[in-house]
Amino acid sequence: MKYLYIIFIILSVASIFFSQEDKHELNQTSFSFALGIDYEKEGYVVSLQLINPGEISGEKLLNNSPYIVYKARGKTVDTALEKISMNTSRYLDLKQEQIIVLGEELARKGKTKEIVEYILHSPDIPANALIITTKGNKASELLEIFSPVEGYSALEITNTLNKLGRNALNNASEIKVDLLEDGKDISLPYIELKGDLQKGRKRGNLNTTNPAHIVFGGFGLFKNENLKKFLEYRDSLFLQLLNGKSSGFIIESTCPEGSKKFAFKLFNGHVKKKEYKRVENNYIFQYTLNLSGDIRQYNCHGNLKEPETISLLEKQINKTIQSKENKILSIAQSYGLDPFGLGHSIKNNDPKLWNNLKEEWATSIKNAQLEVHSTITIQNVGNYKSRGD
């Protein structure tokens with residue numbers, strides 16, 4: 001973890017020398033990279049994961065935790081933060097926040113917009129901090145987990161999400177735009193805990209071969225600002241593909257003949273064209289995608305050196321994508337959600353029709369259909385020639 005200490009020191013020193021506020025000494029400031037917000041009957045519960053300076057203050061590590069989590073309740077987030085500040089001996093520096101974790105209960109209670117507005121108006125919290133939610137645990141609980149790889153959960157969460165690609169994630173500014181935009185419902189990535197919570201809260205979690213750890217679970221689907229449904233991670237990746245925010249992932253398809261599978265590793269994917277047409281009361285949305293990637297595992301018959309075989313595989317990949325997108329649309333329709341932004345397409349193409357539809361779009365979307373056509377470039381087929389029985 002030496003690289004982590006170096007990064008922390010660089011960030012800390014930069015904060016001191018470039019801050020426009022009073023320049024406190026390094027040993028008078030507490031830094032936080034992650035902030036958690038939960039909601040309970042009495043108000044908000046705010047959690048700050050503060051880096052323990054005693055753990056990194058010298059060449060010899062102490063037997064302390066690498067971080068400390070402070071929690072406080074308040075009717076507002078600011079009140080809770082003030083209580084945390086009064087209970088610590090150091091000044092709080094929130095300008096290094098990278099992750100804002102919204103507890104599942106808060107997201108289900110429709111407090112997302114309120115928190116987004118708060119972050120955008122706060123001079124202390126960076127507006128480009130990533131916003132995520134949780135599944136099955138409170139935000140405060142996940143911030144208390146000892147990461148088996150990174151040491152503390154803030155860095156584990158950040159690195160886990162960054163693997164998706166920064167363009168697949170949202171900060172407060174982007175979420176506010178989506179909340180104000182007609183015809184699209186927001187979706188946020190969620191994290192969940194694998195393993196035992198109580199064991200994960202203990203430092204022994206760093207030394208076990210079966211640690212509790214935090215994983216990316218997928219995306220949570222919202223109606224307005226209320227969390228309604230969790231999508232598992234593979235479905236979430238296909239959702240992001242049509243939203244133009246795809247990252248590299250494996251598309252597993254059935255061989256042209258038989259029931260065996262082959263794997264296509266998607267490297268680049270973007271929406272080339274998105275069109276809309278209306279047939280009576282049905283709304284048909286046509287996507288044209290440009291995809292490129294490699295064949296990774298091949299268990300099919302057919303020589304990959306032959307163009308005919310490649311063409312058949314491309315058709316199978318197209319079928320898989322169409323099937324996955326239809327599955328997501330069906331889930332969204334059952335909840336009256338529009339995570340694809342289909343209503344936004346109608347609004348852009350026919351504003352008059354949208355004005356008549358928007359109040360009842362949650363019902364009308366049940367008549368929507370997706371047609372996905374992909375232009376696929378297979379860059380590398382490896383050394384496979386033929387597989388099968």
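Let's start with two helices. Helix α10, residues 233-242, packs with α11 at an angle of about 100 degrees, and their axes are 9 Å apart. Angles of 65 to 115 degrees count as roughly perpendicular, so α10 and α11 are roughly perpendicular to each other. This is a predicted model, by the way.

Who makes that contact? From α10, we have Asp235, Phe238, Leu239, Leu241 and Leu242. From α11, Ile321, Lys324, Glu325, Lys327 and Ile328. How do the residues of the contact of α10 with α11 divide by class? Six are nonpolar, four are charged, and no polar residue takes part.

Now the sheet. Four strands form an open sheet, and the order is β10-β11-β12-β13. The pairing is mixed. Which strands stand at the edges? β10, residues 249-254, and β13, residues 368-380. Each has a single partner strand, so one side of each is left without a neighbour in the sheet. From one strand to the next, the twist averages 40 degrees.

Let me zoom in on one pair. β12 covers residues 282-298, and this strand pairs with β13 in the parallel sense. Twelve bridges join them. For a landmark, take leucine 291: its bridge partner in β13 is isoleucine 376.

Back to α11, because this helix also packs on the sheet. α11 spans residues 307-334 and touches β10, β11, β12 and β13. Its direction makes about 145 degrees with that of β13. So keep both contacts of α11 in mind: α10 and the sheet.

A further helix meets the strands. α12, residues 342-349, lies across β11, β12 and β13. Relative to β12, α12 runs at about 125 degrees.

Last topic: the second largest pocket. How much space lies in it? About 340 Å³. The lining has 18 residues. Nearest the centre of the pocket lie Glu181, Asp182, Gly183, Asp185 and Asn224.

Which elements give two or more residues to that lining? They are α8, residues 172-180, and α14, residues 361-364. α8 gives the most, with three residues.

And the chemistry by class? The lining of this pocket has ten charged residues, six nonpolar and two polar.

To recap. α10 and α11 are roughly perpendicular. α11 packs on an open sheet of four strands. And the second largest pocket is lined by 18 residues, ten of them charged. Over to you.

Methods
Residues are numbered from 1 along each chain as its sequence is written. This is a predicted model: local features need pLDDT of at least 70, side-chain atom pairs count only at pLDDT 80 or more; totals for chains, interfaces and linings use all residues. Side-chain values use heavy atoms; hydrogens and water are left out. Two strands pair if DSSP finds at least two bridges between them. Axes are lines fitted to C-alpha atoms, for helices over the stretch in contact, and angles run from 0 to 180 degrees between N-to-C directions. Contact means heavy atoms within 4.5 Å. On a 1 Å grid over the protein atoms alone, a cavity is a set of points where a 1.4 Å probe fits but cannot get out, and a pocket is an open set with protein on both sides within 12 Å along at least five of seven lines; lining residues have an atom within 4 Å of a point. Grid points are joined across faces, edges and corners, and a volume is the space filled by probe spheres set on the points. Ala, Val, Leu, Ile, Met, Phe, Trp, Tyr, Cys and Pro count as nonpolar, Asp, Glu, Lys and Arg as charged, and the others, Gly among them, as polar. Angles under 35 degrees count as roughly parallel, over 145 as roughly antiparallel, 65 to 115 as roughly perpendicular and the rest as oblique.
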